[in-house]
Amino acid sequence: MSARTLVTGIGVAAPSGLGVEDFWAATRIGKNAVGPVTRFDASPYPARLAGEIHGFDPGEHLPGRLVPQTDRVTQLALVATDCAFEDAGLAAGDLHPCDMGVVTAAGSGGSEFGEAELRKLWSQGPKHVSAYLSFAWFYAVNTGQIAVRNDLRGPTGVLVGDQAGGLDALAQARRRLRKGSRLIATGGFDASICSLGWAAHLATGAMSTSDEPERAYLPFDEAASGYVPGEGGALIILEDEESAAARGARNVYAEFAGYGATLDPRPGSGRPPGLRRAAEAALADAGCHPAEVDVVFADGAGVPRLDREEAEAITAVFGPHGVPVTAPKTTTGRLGAGGAPVDVVSAVLAMREGLIPPTTNVESPAHDIDLVAVRPRTASVRTALVLARGRGGFNSAVVLRALD
């Protein structure tokens, strides 16, 4: 048997808080961070709400030379990574750089940076385009910049799978640990609140066009009418159990116990969606019976058909109202590749406190699930299941387990 994979450090950059404690203080009570878009003029568009990170000045956190080289999404990723390494208590020399790697997930790359440089190209000419465009827009840039800044010379990678990609990255990190690495920094980030990114979101046909921040994004509610985008994500330090013990890791939040992934069948095939199979595979991988799960952190698409499919998958595994279900991302919007890693952080913090954060604003649940709506719920959380889905039929699930 492989040694257990442990969560030993966490960092968050989300609309509800920059840093773990600020994030959790808002999330645990369901404080809403969705509001009118301020990063560009969204008035001509049919959707005008987003989960933005306000008051973030990259110059306060990063070297001045790095700021003009990077998109906002990379700046957020680097700050969250700094927090995660500090949380993990890693000091220089604790591990050899070749024993540490990084795997992240991304959905859109550096959209804002790319848009700005394309504007220069068409309005001023190619000589005015930044040389940093060659990498600042790219999906893999977060992985590269995190590796360089933190001297991580071991295995690296990036996965693209929308929301599901955030869990796939964690699973890839676990694979690397099982192949001999001692520590992998992993997670996901997206920040596409700009006119270029907005056009991509609108192309999904799934965005909410409500102008009411408290009623726009309502997964599993009778009034669900689409999702609200957000920006940010989370960085998680995963370590082999023996390695963590050898260096005297000061924080051990939970065990990354199980993972499963599936792809939906082609539309019109008559075959059921694959989310249920992903959840069952994750439970089997963890050696966990459904009755042992204390909470499900749902994907919560906010689209009636997708919500119904997810609710059916949950009830198929756990039975009607068989397990508490929550989607705290209603307070932030959907963060793309960053959403599921943020849910993982919420899950381990729920274990720490014994409290399930609420699915804010949902007042009329429409399915046979035990939705933790409006208010948080006190509970002993020892095992959590995190679900994520992505456009194109991606499904992923992760089981987290508190250590004895």
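The following exercises, each with a worked solution, concern the cavities, a helix, the nonpolar core and selected loop residues of a predicted model.

**Exercise 1. Cavities and the largest of them**

Determine how many cavities of 30 Å³ or more the structure holds, and state which elements and residue classes line the largest cavity.

Solution.
1. The count is two cavities at that volume threshold.
2. The largest cavity contains about 80 Å³ of space.
3. Its lining consists of F23, T27, P328, K329, T331, T332, G333, L335, G339, V342, D343 and S346.
4. Two or more lining residues come from each of α1 (20–27) and α11 (339–353).
5. Of the elements, α11 contributes the most to this lining, namely four residues.
6. Sorted by class, the lining of the largest cavity comprises four nonpolar, six polar and two charged residues.

**Exercise 2. The second largest cavity**

Establish the volume of the second largest cavity, its lining residues and their division into classes.

Solution.
1. The second largest cavity holds about 40 Å³ of space.
2. The residues around the second largest cavity are L275, R276, A279, A313, I314, V317, F318, L385 and L387.
3. At least two of these residues are supplied by each of α9 (275–286), α10 (304–318) and β15 (383–390).
4. The largest share belongs to α10, with four residues.
5. The class division for the second largest cavity is eight nonpolar, no polar and one charged.

**Exercise 3. The buried face of α1**

Decide which residues of α1 are buried, and explain why they line one face of the helix.

Solution.
1. Taking under 20% relative accessible area as the criterion for burial, one finds V20, F23, W24, A26 and T27 buried in α1.
2. Viewed down the axis of α1, these buried residues lie within an arc of 165°, and therefore they line one face of the helix.
3. In general, an α-helix has 3.6 residues a turn, so residues three or four places apart point the same way.
4. The cover over the buried residues of α1 includes β1 (5–14), β2 (17–18), α11 and β12 (355–356).
5. Two of the buried residues, F23 and T27, also belong to the lining of the largest cavity.

**Exercise 4. The largest nonpolar core**

Identify the residues with the most contacts inside the largest nonpolar core, and name the element that gives the most to this core.

Solution.
1. The largest nonpolar core has 47 residues, and I10, I236, V345, L349 and L400 are those with the most contacts inside it.
2. The element giving the most to this core is α11, with nine residues.
3. When neighbours within four places in sequence are left aside, V345 contacts I10, V12, F23, A234 and I236.
4. Among these partners, I10 and I236 are themselves on the list of residues with the most contacts inside the core.

**Exercise 5. Three residues of one loop**

Classify P219, F220 and E222 as buried or exposed, and describe their surroundings.

Solution.
1. P219 is in the loop between α7 (195–203) and β8 (232–240); F220 and E222 are placed in that loop too.
2. P219 has a relative accessible area of 0% and is therefore buried.
3. Apart from neighbours within four places in sequence, P219 is in contact with G300, A301, G302, D307, A327, T330, T359, V362 and L371.
4. P219 and G302 are separated by 83 residues in sequence, yet their C-alpha atoms are 3.8 Å apart.
5. F220 is buried as well, at 1% relative accessibility, and has a positive phi of about 70° although it is not a glycine.
6. E222, by contrast, is exposed, because its relative accessible area is 62%.
7. With neighbours within four places set aside, the contacts of E222 are S364, P365 and A366.

**Exercise 6. A contact between two loops**

Find where D368 and H321 lie, and state which residues D368 touches.

Solution.
1. D368 occupies the loop between β12 and β13 (370–371), whereas H321 is in the loop between α10 and β11 (324–326).
2. Not counting residues up to four places away in sequence, D368 touches T315, P320 and H321.
3. D368 is partly exposed at 48% relative accessibility; H321 is likewise partly exposed, with a relative accessible area of 48%.
4. Phi of H321 is near 55°, a positive value in a residue other than glycine.

Key
Residues are numbered from 1 along each chain as its sequence is written. This is a predicted model: local features need pLDDT of at least 70, side-chain atom pairs count only at pLDDT 80 or more; totals for chains, interfaces and linings use all residues. Side-chain values use heavy atoms; hydrogens and water are left out. On a 1 Å grid over the protein atoms alone, a cavity is a set of points where a 1.4 Å probe fits but cannot get out, and a pocket is an open set with protein on both sides within 12 Å along at least five of seven lines; lining residues have an atom within 4 Å of a point. Grid points are joined across faces, edges and corners, and a volume is the space filled by probe spheres set on the points. Ala, Val, Leu, Ile, Met, Phe, Trp, Tyr, Cys and Pro count as nonpolar, Asp, Glu, Lys and Arg as charged, and the others, Gly among them, as polar. Buried means under 20% relative accessible area, exposed over 50%, partly exposed in between (1.4 Å probe, protein chains only). The arc is that of the directions from the helix axis to the C-beta atoms. Contact means heavy atoms within 4.5 Å. A nonpolar core is a set of buried Ala, Val, Leu, Ile, Met, Phe, Trp, Tyr and Cys residues joined through side-chain atoms within 4.5 Å.
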